[in-house]
Each structure stands twice: as C-alpha cells, then as structure tokens.
Amino acid sequence: MTQPPNYEIPTEMRDFAEKSVEQARKAFDSFIGAARKTADTLQGSAEMARNNAQDASSRGFSFAEQNVNAAFDLAQKLVRSRDIQEAMQHQAEFVRSQFAAMQTQAREFGGLAQNAMQQSAENAKQAMQQGAEQARSAMQQSAEQAKQAMQKGADAARSATDKATNAAKDAAS
C-alpha cells in the first residue's frame, strides 16, 4: 500500500503567515494609538468645557452678589429718604445703574460663551483632523504592508508549487 505523500508546509509560507500576523498587529496598534490620541484630545476638550462652565458659574455668582448688594444699598437709601421725591430719585438712579450693570454682565457672559464655543470648536476640529490623519496614515501603511505581504505570499506559493511539481516529477520517475 502506498503511503500518501508527506507535504510539508514550506518555510516561505510559514514566514509569510508569521509576517502577515505581525503586520496585522502593527496596523491594529497604529489604529488603536490614533484612537487613543483622539480620545485624549476629546477628554482635554471636556476638561476645558468643565473649566469654562466653572468660570461662567463663578462669574454668575459674582454678578448675583453685586446685584443683590445694589438692591440692599437701594433699600437702605429708600429707608433714609426724607420724602417721596428723594426716594424716587434713588429709585431712578438704581434703575439706571442696574441697567448699565446688566448690559455689562450680559456682554461678559456673551464673551465667555463665545470664547468657550471657539475653543471647543477648535479643539474638536483639531482632534478630528488629527484622528483622521492618523487613521489614514495607519490605513495607508497597512495597505502597503499588505501589498508587500501578498507579493511575498504569491512568490512563496509559486516557489512551493514549483517544489511540489518537481517533487511529484521526481517521484513519478
């Protein structure tokens, strides 16, 4: 009874498979690295947003304190007024000064909000551009490595086929 031929996996094929696994691992590591950098950038953006919200909150409390103190000052002036005309004058001064204070406060809040939005938009833009560029680079690198690996694999397959063909011819002779 004839024993089936023992076909051993050629060294070139094993080397090709091993290199393919290594290249796949490197491509994955590049992709994960890009994803981590993007996540870190986004986390920095979240931290900046938290700081901006904290600044706005702090300014809000400061404005509230100023406005309440102004109201108490008015109340004290009203209590000390000698007549209705003086009380009305204090009231008119209060309205004018509070209107000006509220305009200033609104402008400051608007500036804080605008700066926060600009910073957030810029960070998001940079994070997305950086992440896209890193992912694109990793994909291009992987594609080039895959192309090279496929060429080496094809060469190894040809070599193995030639060896098998020659071995079959030798066995037939």
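I'll start with the record. UniProt lists residues 30-126 as "domain: Phasin", and that comes from an unreviewed entry. What we have on the screen is a predicted model, so please keep that in mind throughout. In this model the span 30-126 is 97% helix and 0% strand, and the C-alpha atoms at its two ends lie 19 Å apart.

Now the whole chain. The protein has two helices and zero strands. Helix α1 covers residues 11-80, and helix α2 covers residues 84-172. Taken along the principal axes, the C-alpha atoms fill a box of roughly 130 × 25 × 15 Å. The radius of gyration is 38 Å, where a compact globule of 173 residues would have one near 16 Å.

How much of the protein counts as buried? Of the 173 residues, 15% do. The exposed area is about 13,200 Å², and carbon and sulfur atoms supply 58% of that. As for contacts, take those between residues at least 6 apart in sequence: 81% of them join residues at least 24 apart.

Let me go through some places along the two helices, beginning with the loop. Ser 81 is found in the loop between α1 and α2. Is Ser 81 buried or exposed? Its relative accessible area is 16%, and the cut-off for buried is under 20%, so Ser 81 counts as buried. The Ser 81 side chain reaches back to the backbone oxygen of Lys 77, at 2.9 Å. Setting aside neighbours within four places in sequence, Ser 81 is in contact with Glu 86, Ala 87 and His 90.

His 90 is the next residue to look at. His 90 has its place in helix α2, and with a relative accessible area of 16% it is buried. Which residues does His 90 contact, leaving aside its neighbours within four places in sequence? They are Leu 74, Lys 77, Leu 78 and Ser 81. Lys 77 therefore turns up twice here: its backbone oxygen is reached by the side chain of Ser 81, and it is in contact with His 90.

Further along helix α2 we come to Gln 98. At 13% relative accessibility, Gln 98 counts as buried. Not counting residues up to four places away in sequence, Gln 98 touches Asn 67 and Ala 70. For Asn 67, the C-alpha separation from Gln 98 is 7.5 Å, with the two positions 31 residues apart along the chain.

Next, the aromatic rings. How many aromatic pairs does the structure hold? There is one. The pair is Phe 63 with Phe 109, and the ring centres are 5.3 Å apart. The planes stand at 85°, so the pair is edge-to-face. Phe 63 lies in helix α1 and Phe 109 in helix α2, so the pair ties together parts that are 46 residues apart in sequence. The two rings belong to residues with their own accessibility values. Phe 63 is buried, with a relative accessible area of 5%. Phe 109 is partly exposed, at 34%.

Last, a few residues with distances attached. Gln 126 is found in helix α2 and is partly exposed, with a relative accessible area of 42%. Between the C-alpha atoms of Gln 126 and Ala 35 there are 14 Å, although the two residues are 91 apart along the chain.

Arg 25 is in helix α1. At 57% relative accessibility, Arg 25 counts as exposed. From Arg 25 to Gly 131 the sequence separation is 106 residues, and the distance in space, C-alpha to C-alpha, is 19 Å.

Then there is Gln 114, also a residue of helix α2. Gln 114 is partly exposed, with a relative accessible area of 49%. How far apart in space are Gln 114 and Ser 142? The answer is 41 Å, C-alpha to C-alpha, for a separation of 28 residues in sequence.

To sum up: this is a predicted model with two helices and zero strands. One aromatic pair is present, and Phe 63 and Phe 109 form it across helix α1 and helix α2. In the loop between the helices sits Ser 81, in contact with His 90 among others. That is what I had.

Technical notes
Residues are numbered from 1 along each chain as its sequence is written. This is a predicted model: local features need pLDDT of at least 70, side-chain atom pairs count only at pLDDT 80 or more; totals for chains, interfaces and linings use all residues. Side-chain values use heavy atoms; hydrogens and water are left out. UniProt positions are given in the numbering used here, feature names are shortened, and annotations may be inferred rather than shown by experiment. Helices (H or I, at least four residues) and strands (E, at least two) are DSSP runs, numbered from the N terminus. Rings of Phe, Tyr and Trp (its six-membered ring) pair if their centres lie within 6.5 Å; planes under 30 degrees apart count as stacked, over 60 as edge-to-face and the rest as tilted. Buried means under 20% relative accessible area, exposed over 50%, partly exposed in between (1.4 Å probe, protein chains only). A polar contact is a pair of N or O atoms within 3.5 Å; within protein, one must be able to donate a hydrogen and the other to accept it, and residues adjacent in sequence count only if both atoms are side-chain atoms. Contact means heavy atoms within 4.5 Å. The radius of gyration is taken over C-alpha atoms; the globule rule is 2.2 Å times the number of residues to the power 0.38. Accessible areas come from the Shrake-Rupley method with a 1.4 Å probe; for residues, only the protein chains shown count as cover.
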